[in-house]
Amino acid sequence: MKLWVHQKSFSGEELLVNPKEFKDIKVGDILEIYHEDDDQSHLLLQVNTLKSVELPQKGKDTKGTKDEGNRLLTTSSANHIISIDQSIASLFQLRAYKDVRVKTVQVQDVALDLVELLFKDQYISRSDMWRLGKSLIGNCLYIQKKIVFSGIRAQVMGLWSRGEKVSCGAVTQETRVTFRTSTAMTYIFIQMSAEMWEFDTCGDLYMEKAVDGFMTELFNMWKKQNTNSELTIVLFSRVYYEATSIDEFPASMQTSVHIDYQGRIYQDFYRVVVLNERRDDWLPLLVTIKQLMMTYKEDVQNSLPQDDVPKGAISKAGQGNVLEAINLSLNVFDNHYVNRNFDRTGQVVVLISPGAGVFEVGKTLADITRLRMIDYGIGSDLVCLAEQPPHPVPLFIYTDANDNTKTTSDRFQYDIPQWLNYSFYLSRSQKQRQCSSTQSSFRPRCILPEQKVVENTNQLRKVSFPKLETDLLPQCLSNITEQYTSDGELDERDTDEEESQYNGYDSKVFSYGNKRNNYHETSSNPFFPSTLKTKLTADIKRWTHTFPRGITGETQQLHHKYLIYNYSGHELCSLSEMSTSSSDSSLCTDFGEEFLLFLEDTPSRAHLSRNNLKRSTACAWGITGEQAWTPYLQSGVDWKSLTSTACFPITTDYYPERWMLEAEYEEAPYNLDGCSLIEDYEDESLVKATLSNVLQELVSQRLIQDFQLVVIPQSKLMSLAHLGTSKIPLVTDQSKMEYVLSYGNTFHKISLKLDRYNVEVVKYNARNEIPTSRLAYSYQLWGVKKNQYEAVKTRVYHKPVQNDKWNLRDNYICIGKDADKEGFELHETLKFWRSRFVLLPSAASVLKKLCEQGNSTETHFDVFEERTAAQKIQLIEGFLKFMEGLNRKKKSQQTLSAKQPLQRVPSDNSSITGTPMRRISRTSGTTTPTTPQPALSITASAITNALSNLASGRKEMSSTPCSPTTPDFKDLGLMSPRSQIIMGMRDNSTGLTFLNGDNKGLPPDCFVSCDAIQWLQKTMTTQITHMHAIRLMQDMLDDGLIHSLSIDGPGTRKFLYGYYLYCIVQETNSSATTKSPWVSEHKHLYGLQDIQSTYFEVACCHPEQEEERNNNKQTSPNASGDSEFDLVEAEEKLLSPPRIVLGTCNSQVYKSQVMEIDSTKSDRVEWCHVGYHGNYHPDNAFEMELQWLTSTPSLLLDIITNWNRRAASCGFHFIPYLIDPFGFCKDISDPFRSALFIHLNLPTDVQECCQDGKLHNA
């Protein structure tokens, strides 16, 4: 069969087949396409359509398309071919118009074990990852395939099947889907320990090895792979002082120094190079980093007070502040839901150390770090520049400073942090030495201590190496010492018996499988490989599903390679070098009996599984918990993790045993009743669909809080089910609509009970949960744009998800968008996502002035000028135009009868599964209001003109009677009857522009307050000011002719200028008006309770109002004023410049409402909360804050992008804004962000007042 290719412009399908030729093929089948003479060109594609495709015409009667060889494909020949997309054919090297073999394959034969998806420049929540993974089930994937789902864009990065990397395959229920991001929030810490100024075994300076070697390669890979991470680089170190007491330090330093377990006094230093920056090319920054590293010692020394400071020295790598640096970055990562960015996903800590991965740490701080790293799902990479030691690393040495009665050996405990992914970097000289012959190369695994040389008068004699301390030896050898003669020879008093005692002790200590000593009972002993096993827990298996499985079945990391002896070449080589497979996989091959015997001797997790041992132990080394450490293991650099950060996996395969649940856990069940849905839906299928959607959302809420789905293969689950119900583990069973999720020592089981119409939630909480400590930490920080170190304090503690708040969260999800009406609010304990933005006036002219100053060091920022009244009015007009786009409502020139009463609008009580409300856009083609003339009260001339108009009007009415149905609205004035002004608003030709009456939730004759003020200023025969129009509308509000659509708030009592919605109210009898009390009593009949939570209503401060307020203060500062100015004072008090409020506040200064997301763009019902300032002042920034729990970030980004475009067209900038910009709240502030002090050019008298402390309100 001939193969044809087509362009995307011809068809968007990847595969086109002729159903007449493939009669047995149906939609959903997977076809294998390949050339018989090329085994590397196998391609799997899925049949998505069997419809016949009409080929484009060429000429008059010919239909066809062209292949790559520019040959015409006619209709007759097209019926006998198979066509694939041209880009796919090029990727798999399939040649067009060549013979190919096509056959149908079964899904289980091409099933994938692991799928790696890569995305960039977007934020994807864990809930979206789960939904995206479910949408791929049953689909066929290939390398570099692009996937789009609910605005999410991803690309297939890697595919694995049966321990081998493949180029295509099918996704099944048991396929693990992992996500990697090339736009992560990355913190790179460079440890400036004493080794940085030393040389390695090849003569390379560690400082140059870090910058010219590792970082240069890393940044080159970022540039090659288009990695666009948000990067922060910090140099850090610890300085030990030669002091015995803190009193020896100046008072300014005593609060920032610490004491270690040996009584040594130290201080930690951090130098921030870049903070949260993005660049296309990071290579030019290496010059700056190298300059800072060369002057690092001098900068630390110069930052200290010159007098009365003890001498200090930078510590070694093993005694450095590694965990402290990691926890400072975790203070930023654990607040990832605050100041949420929409163009990055993932968090990773990269630690570059000149040491070998052995650190002395405090156990309390290590426990806090472990919980934070595991529970938060933070990625970590430790890059060591030294030689790899002959024991497992990374290695923590715990010190117990409180118990001084213990011996030196008992005071140390060892632990291997499994949450820390480590790598060893080899420089170019080291690689060259490694590739040379084994006879001329020697790679030391440790650095021997220097020999002491004692100068003698006669000769130079060498003294032996420092011997082991006597307290480290057992009692039987404590009295045995080696005696040297004056010539350095061993004394003959050493007997064979003593030597046998030494040999016996050595064989006892270094024997394989020896029992651990007493001080190793609770920790791992890296010097005994047989003890590198630990109890299997959920924490160990948190990252297992990120990595592929090897040939032996265990999950492993590819940068850890086993070096084995190659009998054919008589040299050491890695597994990948011995691979005979033709694919690019180095994991699925036959290595012979020698290697299999070697694997049998290793404590592999998979080896234990193959022998059907109890699943109670795991490897104590490695982030996977399954890959075993052996002396033959050689670690390289995990470049994949450094260039494409792995996101925290969605699933895990750890589940507790039934006996463990009964003994160590307690149950806390509760039900979410859905019986009320039966009354809302007549169809039972809709009720079940609604409950199913609620179940899915409850699972999503736990996933975004770093829970993981507990899953095992379906075959294993069925085999355990045959053994009895007591053997069924606590795992997810989608066939029964049961989901099990884990978070640390907490498990949640969520199941749907269709027979009872409810959702059952069971929480399994650990009985003996040990609370973690809170540690205070002080350090010296040199921030960005600073010229010295400064003392900073912070707190380090673990903030887990509060397990007692899930009932509140679940009920919030069940109630849906109406949760705020039921009294549910987004509390801080729920850890909801939020992003704050500010609306600022466009400052193009100001930026031009700043650019004209150039890059001078004396740049002045006093280029802003005070705005005039006309400029403020222009800003208000632009802001009102922005609010129109925000509310997306249409205005229509509609005319209703004056006798038409207010129609009843049904209340919107739809459930969370109902169709989201569609907003109707409102046109912005309004005319510009005239420039008002400020006045304090009605002038005498205005009263005279109004009286003359009234007299002339009465004269005309007496001479020429006017029909009540056709009144004359050309002579409306301040003294005109209010009912006549209302009728003028309803006029067809010259009336007020109303909002569309068919908008959901809006009664007829609705208008915006700013439009009413503008209409009065244009319609009145006498020119009236802004304040005159407000007083006139206030009179109508008091008389009940109009009323606000908000139930509570200032708009119901006072007429507010801005974007506030009002409605005309009039009874059937036009001669009688309805008072506002009647409106308040019957407002519930019209469904107006949803207006306040649906529309953005903001009051604006007009320049006339501000001027009148200032004049009032000058004329009568202590008087309350007469009744004429009561309204103005109350309104101006409300419209004063708003204060900045942190968080959500229900006051009128900061308002909140629920906004629904368009359901056509998502597969679920979504909504979010929008907090915003209730007042707009031209001299202040206008804040808006998005808060959400059930929204897709990509859809929120579309909304924000539209708001940004609207703001730009209205003369504003819509920019993100920190919730705590000045770092007042230490729990959410960035510990590496230092506030900048801006020198103000103040007058001399003001400066003197500030210095004397007399200016309190500066």
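In this tour, a residue is called buried if its relative accessible area is under 20%, exposed if over 50%, and partly exposed in between, using a 1.4 Å probe and protein chains only. Helices (H or I, at least four residues) and strands (E, at least two) are DSSP runs, numbered from the N terminus.

The model is predicted: local features need pLDDT of at least 70, side-chain atom pairs count only at pLDDT 80 or more, and totals for chains, interfaces and linings use all residues. Residues are numbered from 1 along each chain as its sequence is written, and side-chain values use heavy atoms, with hydrogens and water left out.

**Stop 1: helix α28**

Select residues 1193-1209, the 17 residues of helix α28. Which residues of α28 are buried? They are P1193, S1194, L1195, L1196, I1199, I1200, W1203 and A1207. From first C-alpha to last, α28 reaches 24 Å, close to the 24 Å expected at 1.5 Å a residue; the expected span is 1.5 Å times one less than the number of residues. After the helix comes G1211, with a positive phi near 85°.

**Stop 2: strand β10 and its partners**

Next, select residues 114-119, strand β10. Five of its six residues are buried, so the strand is largely enclosed by the rest of the structure. Strands of a sheet pair through backbone hydrogen bonds, either parallel or antiparallel; here, two strands pair if DSSP finds at least two bridges between them. Add strand β13 (residues 152-161), which runs antiparallel to β10 and is joined to it by five bridges. In this pairing, L118 stands opposite Q155. Then add strand β16 (residues 176-181), which pairs with β10 in the parallel sense over six bridges. There, the bridge partner of L117 is F179.

**Stop 3: aromatic rings**

Rings of Phe, Tyr and Trp (its six-membered ring) pair if their centres lie within 6.5 Å; planes under 30 degrees apart count as stacked, over 60 as edge-to-face and the rest as tilted. The structure holds 43 such aromatic pairs. Select Y187 and F189, a stacked pair with 6.2 Å centre to centre and 25° between the planes. Y187 is buried at 0% relative accessibility, and F189 is buried with a relative accessible area of 0%. Ring pairs also link Y187 and F189 into a cluster with F236, Y270, F333, Y777, Y779 and F1232.

**Stop 4: a three-stranded sheet**

Now select strands β47 (1006-1008) and β48 (1042-1044), the edge strands of an open sheet, each pairing on one side only. The order of this sheet is β47-β50-β48, with antiparallel pairing. Three bridges join β48 to strand β50 (residues 1061-1064), and I1042 has I1064 as its bridge partner in β50.

Where do F1007 and Y1062 lie? F1007 is in strand β47 and Y1062 in strand β50, 55 residues apart. Both residues are buried, and their rings form a stacked pair, 6.3 Å centre to centre with 25° between the planes.

**Stop 5: helix α24**

Finally, select residues 1026-1039, helix α24. How many of the 14 residues of α24 are buried? The count is 11, and the helix is mostly covered; among the buried residues are H1026, M1027 and L1037. The end C-alpha atoms of α24 are 20 Å apart, which agrees with the 20 Å that its 14 residues should span at 1.5 Å a residue. The helix is followed by G1040, whose phi is positive, near 80°.
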